[in-house]
Amino acid sequence: MKFLKPILIGLLVVIILLFVGVAIFIKTLDVDKIKNDIAKKISDSIGREVAIEKLSFHFDAPRNLTLKIRNLSIYESAELKSAPLAVIESIDSTLDLGTFMKKRQILISNIDIKSPRIDVVKNGVVPFTGKEISDIKDLSATQLRLQIPNFSLNQSVPFKLDFALLSEKQNIHLKGVVTTFEEKETVRLDEFHITTNLSELSLNDLKNSMPSLNDIPLTESLQGHFEIIIEQMVVGHEGILLLSAHGNLREGRVAIDYLTNPLEQVQMHFTISESDININTFDLSLGQGTMSGKARIQDYSGEQKISVNMDIKEIPAEMIKIPDVDMTIYGKISGQMSGQGKGLSESMLTETFKGDGIISMQDGRIADVNILKTVLSKITFVPGLAEKVENNLPEKYKQKLKNNDTILEEVQLKIEIQNGLMTYQPLTINADGFILTSNGSVDKESNLKFNGHMVIPEDLSSSMIETVEELLPLSDSNNQIRIPFRSYQGKIKDFVPYPDIEDVAKEALKNRGKDELKDLIFKALDIEEEKIETQNGEDPSADSQEQQEERPEQILIENVLDSLFKKLD
């Protein structure tokens, strides 16, 4: 065994000399030259200027060699070094010397990257691609931490990445497996998970980065758990070559200024391919009501064709604040809507979106407004009309005018949306005491176009005419009082449903004038209208065969008057 002793001593000396040699090698390395070479390689790879402040090696006997890079900065170009696009605080990578010496395989057992900031979008431009994004002004990832436990070229490598985006703390968490293929110049991601808690987003930072969101009156921070799972994604020079992913949003909550209550229990399930995003289902609740549906974005990196279908069920009307309308409407809103458009920006979508829908409301009520009484009070050619009608109506009808509110038994609305304009035709309001029919439009600036009329049911019309005879000329062929409204075009906040007094008065005066002129002519010509009587002195029925024919001069005069008054229409 003695012969082994010099051999073991010799091996020990070789190992010691090897370590000493590596240490001397590290100490005598031209670090500045290596630092510059690494910076140039990175610069050539990403097409941007790269600078490294400090580079060093650390030998951790007996197996590991660690490369330490401090303050790596990436600039737009060599001439523009005032504001770096990204500053990486530290990069530590550890080479497994044992694997390298035994298998001649480069195995980096750990990569740890820390970064205070990377500009994802700067002044509306993605720095590393030059692509313009009109809806995003500035967007930076901060507090970035990348961990790669084991790295080897052309082998699958697990990694973990955490960073802060629009937040004061790390709120975006990624983990997965990445494989690089040098010969194909592609990268493949497998089992790639992205998770975030929306409550950690800063609403102010979000609006500053995306100014278009200022048009959405969000009043509180968003809430919800958002997750994307990418089963596989392949990326090359041409972009995304293959993508299979799905995701969901759970327990979402959004507070919007024009809603009295937040949208709660927001749920969404979606799938993503290399070209399309399919929102298979989305659901949310507002009070006791719900909204659900599905949507699709085709060619999201190109044409961005959007389609959406939505069902609304018993949404409380009182929870919706109608802009510039100072009244409270109660009821349960239900309906269906669908539409298509192009583009993800608000301006593009406004120009291209086309949609239609049917909306209804049950158990409705307008608080502190009696529409029927208000309309009657504005028919000024009969002074004190509303009071006369109210005071003299039978008791069962009086309450309709005494009520402070307007009871809406059913509301039906058909809408079409195109070029930022919502057209409704028709709007039918079946209320207690009248039926209102209207058509018109509303634009995105809250400008209203309105045309419509009101019809009072036959039974109530008969009682009103018995009370105020001047209303008789307003009755139609169905013995219903019909009141046209004055056409309106202007701001919603200034709208008041005025009866078209000119037409109403013209109709009343025309009918009254015709009768009075006929009586005057008959008296002048000594013509009396004969009253037909039966043998017992009662008026005959409409189907009586004993009706007496009118005298020729009566017929002539009435025909002349009919022709004359038709010209007034």
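Let's start with a little network of salt bridges: E303, K305 and K342 are linked in one. Please keep in mind that we are looking at a predicted model. Within that network, the side chains of E303 and K305 meet at 3.7 Å, N to O. E303 is partly exposed, because its relative accessibility is 41%, and K305 is also partly exposed, at 35%.

How many salt bridges are there in total? The count comes to 11. Another one joins K373 and E390, with N and O 3.3 Å apart. Here K373 belongs to helix α6 and E390 to helix α7, so this pair ties together parts that are 17 residues apart in sequence. Are these two buried or exposed? K373 is partly exposed, with a relative accessible area of 30%, while E390 is buried, at 13%. For a pair of sequence neighbours, look at K493 and D494, whose closest N and O atoms are 3.5 Å apart. K493 is partly exposed at 49%, and D494 is partly exposed at 45%. As general background, side chains of opposite charge can pair when their charged atoms come close.

Now let's step back to the whole chain. It has 11 helices and 23 strands, and of its 569 residues, 36% count as buried. About 33,800 Å² of the chain is exposed, and carbon and sulfur atoms supply 53% of that area. If you take the contacts with a separation of 6 or more, 50% of them come from residues 24 or more positions apart.

Helix α9, residues 458–467, is a good place to see buried side chains. Which of its residues are buried? They are L460, S461, S463, M464 and I465. As for their partners, the buried residues of α9 pack against helices α6, α7 and α8, and against strands β21 and β22. You have met α6 and α7 already, as the homes of K373 and E390.

Strand β21 brings us to the aromatic rings. The whole structure has 5 aromatic pairs. One of them is F450 with F495: the ring centres are 4.8 Å apart and the planes are at 55 degrees, so we call the pair tilted. The pair links distant parts of the chain, since F450 sits in strand β21 and F495 in the loop between β23 and α10, 45 residues apart. F450 is buried, with a relative accessible area of 6%, whereas F495 is partly exposed, at 25%. Ring pairs also join F450 and F495 with F485 and Y488 into a cluster.

Another ring has a charge for company. Which residue has its charged end over the ring of Y330? That is R365, 4.3 Å from the ring centre.

Two last stops. Out on the surface, V187, V235 and I240 make a nonpolar patch of about 180 Å². V187 is in strand β9, residues 186–197, and counts as partly exposed because its relative accessibility is 31%.

Finally, find A51 in strand β1, residues 49–60. A51 is partly exposed, with a relative accessible area of 24%. What does A51 touch, leaving aside residues up to four places away in sequence? The answer is N71, L72, S73 and Y75. The C-alpha atoms of A51 and V87 are separated by 9.6 Å, and these two residues are 36 apart along the chain.

Thanks for listening!

Terms used. Residues numbered from 1 in each chain as written. Predicted model: local features only at pLDDT ≥ 70, side-chain atom pairs only at ≥ 80, totals over all residues. Heavy atoms only, no water. Patch = residues over 30% accessible without salt bridge, like charges linked within 9 Å, V, L, I, M, F, W, Y side chains within 5 Å. Areas by Shrake-Rupley, 256 points an atom, 1.4 Å probe, with all protein chains shown as cover. Salt bridge = Lys/Arg side-chain N within 4 Å of Asp/Glu carboxyl O. Helix = DSSP H or I, 4+ residues; strand = E, 2+ residues; numbered from the N terminus. Buried < 20%, exposed > 50% of the residue type's maximum accessible area, 1.4 Å probe, protein only. Contact = heavy atoms within 4.5 Å. Phe/Tyr/Trp six-rings, centres within 6.5 Å; stacked < 30°, edge-to-face > 60°. Lys NZ or Arg CZ within 6 Å of the ring centre and 35° of its normal.
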